[in-house]
Structure formats: C-alpha cells, structure tokens
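Trainee: Could you take me through one part of this protein up close? I'd like to see how its helices pack against each other, and what sits around them.

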Amino acid sequence: MRIPVLFLDQQAWRAGGQRVLEDVLEALREDIDPIVAFPEDGPFAATLRSRGVETLFYPLGSYRPGRKSVGEMLAFPIRSLVCGLKLARVVRQRGIRLIYINGPRCLPAGVLAARLTGAPSIFHLHRALTRRLDVLITGRAAARVSRILAVSQAAADSLVRTNPRLAGTTQVIYNPLRSPARTTSLELANAAPPALPVGGGPVIGMVGRITPQKGQLVMLRATALLRESWPNLEIVFVGAPEPGSARDVAYLRELNAEITRLGLGDNVHWAGFQENLDSHYARFDAVAIPSIEAEGFSLVALEALAWGVPAVASRGGGIEEIIRDGVSGLLVPPGDEKALAVALAGVLGDATLRTRLVAGTRTSLNQRFSPETFRTAIRGIVSELVSPSRELPGEKEIEARV
C-alpha cells in the first residue's frame, strides 16, 4: 500500500534544494503518493505536475533569499501560524503519514502541522546556517521534528553546535551525483547554445544563480588579472537571477557595469539558466566556485569531479567535503580575487598540476555520493518513520493538542 506523504517546499522555482527534492521523490516513487505544497505557483511546481505529482499551495508568501526587512520578519510568524493550521487540515483530510519539510523557511509551519496532527516529520537542511537569527529560529523549530537530514557535515554542524541535543536526530546524507550523459562531440556541437565561447582561449565556467553570495563579482576581478597572461580567456556564466528578485537583477546590472569598467566584454559570456549542463562541462578547462558565504553543499563541485574538470572553490562549508585541496581541486579564501586568479592560473598553466588534479577528480568520487546510497538512506528513514508499528494519535488526542 502506497503511503501518502506531504512535502513542503519554500519556493516554486528550481534551485539546488529542488533538484534534491526530485531525487527524494524518485527514491520513494514506488512507495509513496506524494503531495508537494508550495507558497506560490511557479516553473518547478509546473514541472512536477507534468510528471503526475499533485501540488497544492499554502500562503507563506514569496521566498526572497538574503537578509529580510523588519516587515518581513514581523509577518513571518503570523504567516507560519496560518499555514500550519491550513496544512494540519490537509494532513487530516488526506490521511498524510509523513510531513517532509524541504527547507528552513517552511519549517515552522511544517512543525506546527506535525504537532497538531501527530504526524512524524523530516527536515532536510540544504545549507550551512551562518546568520544568528536563522540559527536561532531553525534550531528551535528543528528540535520538534522526528529526523533532520543534512546535506553535509558542515550543514549539520551549523545547527548542532548551537543545540547539541539535535545530534541524536541529525543524519548526514550527501546529495547524489547524477551520471553525466557522455554525449558525442557531434551531439555537443549541435546542442551548443550561441553564448558558448568561440575565441579559442582557455574556458573557465561558473555555474549557479546570479546572486551576490555566489561571487560572480570576485570572478570578474580575477578574470582581469588572468587576462594579462591569457588575452583570449573565456569566462562562461551559466545561471540566471532568481525570478522576481530585485536584488539579483540589480546585482546583474552591477556585474555588467564591472565588465565594462574592466574591459572584459570580449571575455565574458552569459549562457543563462540551462537545464542540461553537459555541453558546458565538456568544454570547461576549469570550474570556479568563488562563493562569498559557506555552501552547505555544492552540486557544481560534484559535477565538475564527474566530468574530470578541476575546480577552484572558496574554502569552507560542505565544499571541503567534496574537493580535496591539491588533489581534486584547489581551495582559496572566500572573496579573495588575487588568490582565485593565482589558483586558476596554476590549473591553466601548470601542466603537472593540472594532470594531478584531473587524476584526482576520478579518485575523489566514492559511494558517499552515489544514487544507490542516497536512495537506500532515504527509503530507510521514511520506512522507519511510517512503519505500521508507529501509530498516529487518535482523534481525541489530536483535538487535545489543538
């Protein structure tokens, strides 16, 4: 018998957390009837519906990454309370056996719904928490869930260090690597978008949302230093601003102004958001991940390893659990364009170093990142939480909690 599971997501457009949610749904597809709830409609919600997944909406409001205004912070508890009550009604009406909370913003509402109905809950933490308020709110709410899944030890530590009692319910499950489609050179040529480089110089790729914390500005300033040795250097930015984010759009304008100021117009290419990255990784000589803030995990780093492309990344967070410094890539201080340029110059210009790093990418991938390991872990946890021996409370007990 298939188990009804309610998934809560904090945004309806596709980013790293949503990609992992797809992996979770795939791992459980034989066992569950999923319902995925979003604060609003959007392209990711539409994609799931096209695959036959039921979606619904709860009024948590649009997700805006980064620091929040005073008004947003005051409205959030009220919105979470309303959403928790609405979601509790859905849990009762649909006989939901598990609430799967995919991100910290929907955590308070999900915890409230679980408490009101007695349903077990899972919180999937996709990033390393750094802001004090985020750690405080998330830590208090996470203490109420049945199980916490963290994408890296760094993400887990960012939560557990403020509340050691959470260690007992926290488990690290690394995001799985999707095997790259080893397309032929002819297929790659046919698939190549117009924005791909054509200048014949070395190609450095940067993949991710166009937003300040990803460090595109640091990459541009490093490019200006690298161009002294490689005038035909090509930088490909794959990604786009968050839909509807004024901050990201303003940042893109800042990046274009910096390109003009540094005279990099012939070196920089914007590929936009790409669903399939194979044609890009196949052409990259190096991948840059100059994040300003610590990443909880980095699917880009994992994909670079799979393609045998050396990565230069900011030190800190979950990236250090993927890239072995000096073995499969190089790690540099966050926000340091000179260190980034020196490391990338080594990858591009030192044949011995490059050979060693390319060989290291093949040895750095292991079972931690395999789809089978991920699938087994997810299925095991869900099976444990919804086992027949774990009975939900009766109606009288639920009414008493309300």
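Mentor: Sure, let's start where two helices cross. Keep in mind that this is a predicted model. The crossing of α8 and α12 is right-handed. By class, their contact has 9 nonpolar residues, 3 charged ones and no polar ones. To find the pair, look for α8 at residues 216–226 and α12 at residues 337–349; their axes come within 8 Å and cross at roughly 55 degrees. That angle makes α8 oblique to α12, since it falls outside the range that counts as roughly perpendicular, 65 to 115 degrees. Now zoom in on the side chains. From α8 you have V218, M219, R221, A222, L225 and L226, and they meet E337, K338, L340, A341, L344 and A345 of α12.

Stay with α12 and follow the chain onward to α13, residues 351–364. Here the packing angle is about 90 degrees, with the axes 6 Å apart. α12 and α13 are therefore roughly perpendicular to each other. On the α12 side, the contact is made by G346, V347 and G349, while α13 brings A351, L353, R354 and L357. Sorted by class, the residues of this contact are 4 nonpolar, 2 polar and 1 charged.

What about the cores? In soluble globular proteins, nonpolar side chains tend to be buried together. In this model the largest nonpolar core has 68 residues, and those with the most contacts inside it are L8, I99, I101, F123, F284 and V287. Helix α11, residues 299–307, gives the most to this core, with 8 residues. Another core, of 32 residues, lies apart from it, and among its members are I204, V218, A343 and L357. You've met two of those names already: V218 is one of the α8 residues that meet α12, and L357 is part of the α13 side of the contact with α12. Back in the largest core, try clicking on V287. Leaving aside neighbours within four places in sequence, V287 is in contact with G205, Y281, V300, A304, V309, P310, A311 and V312.

For another helix pair, go to α1 (residues 16–28) and α14 (residues 371–385), which pack at about 70 degrees with their axes 9 Å apart. These two are therefore roughly perpendicular to each other. V20, D23, V24, A27 and L28 of α1 make the contact with F374, R375, I378, R379 and V382 of α14. Those residues divide into 7 nonpolar, 3 charged and no polar.

While you're on α1, have a look at E22, which is also in that helix. E22 has a relative accessible area of 9%, so it counts as buried. Not counting residues up to four places away in sequence, E22 touches R14, F44, R51 and R178.

One last helix, α6 (residues 153–160), is mostly covered, with 6 of its 8 residues buried. The buried ones are A154, A155, A156, S158, L159 and V160. What covers them includes the strands β5, β6 and β7 along with helix α5.

Now zoom out. The protein has 15 helices and 13 strands, and buried residues make up 54% of its 402 residues. Among contacts between residues at least 6 apart in sequence, 71% join residues at least 24 apart.

Notes: Residues are numbered from 1 along each chain as its sequence is written. This is a predicted model: local features need pLDDT of at least 70, side-chain atom pairs count only at pLDDT 80 or more; totals for chains, interfaces and linings use all residues. Side-chain values use heavy atoms; hydrogens and water are left out. Axes are lines fitted to C-alpha atoms, for helices over the stretch in contact, and angles run from 0 to 180 degrees between N-to-C directions. Helices (H or I, at least four residues) and strands (E, at least two) are DSSP runs, numbered from the N terminus. Angles under 35 degrees count as roughly parallel, over 145 as roughly antiparallel, 65 to 115 as roughly perpendicular and the rest as oblique. A crossing is left-handed if the near helix is turned anticlockwise from the far one by less than a right angle, and right-handed if clockwise. Contact means heavy atoms within 4.5 Å. Ala, Val, Leu, Ile, Met, Phe, Trp, Tyr, Cys and Pro count as nonpolar, Asp, Glu, Lys and Arg as charged, and the others, Gly among them, as polar. A nonpolar core is a set of buried Ala, Val, Leu, Ile, Met, Phe, Trp, Tyr and Cys residues joined through side-chain atoms within 4.5 Å. Buried means under 20% relative accessible area, exposed over 50%, partly exposed in between (1.4 Å probe, protein chains only).
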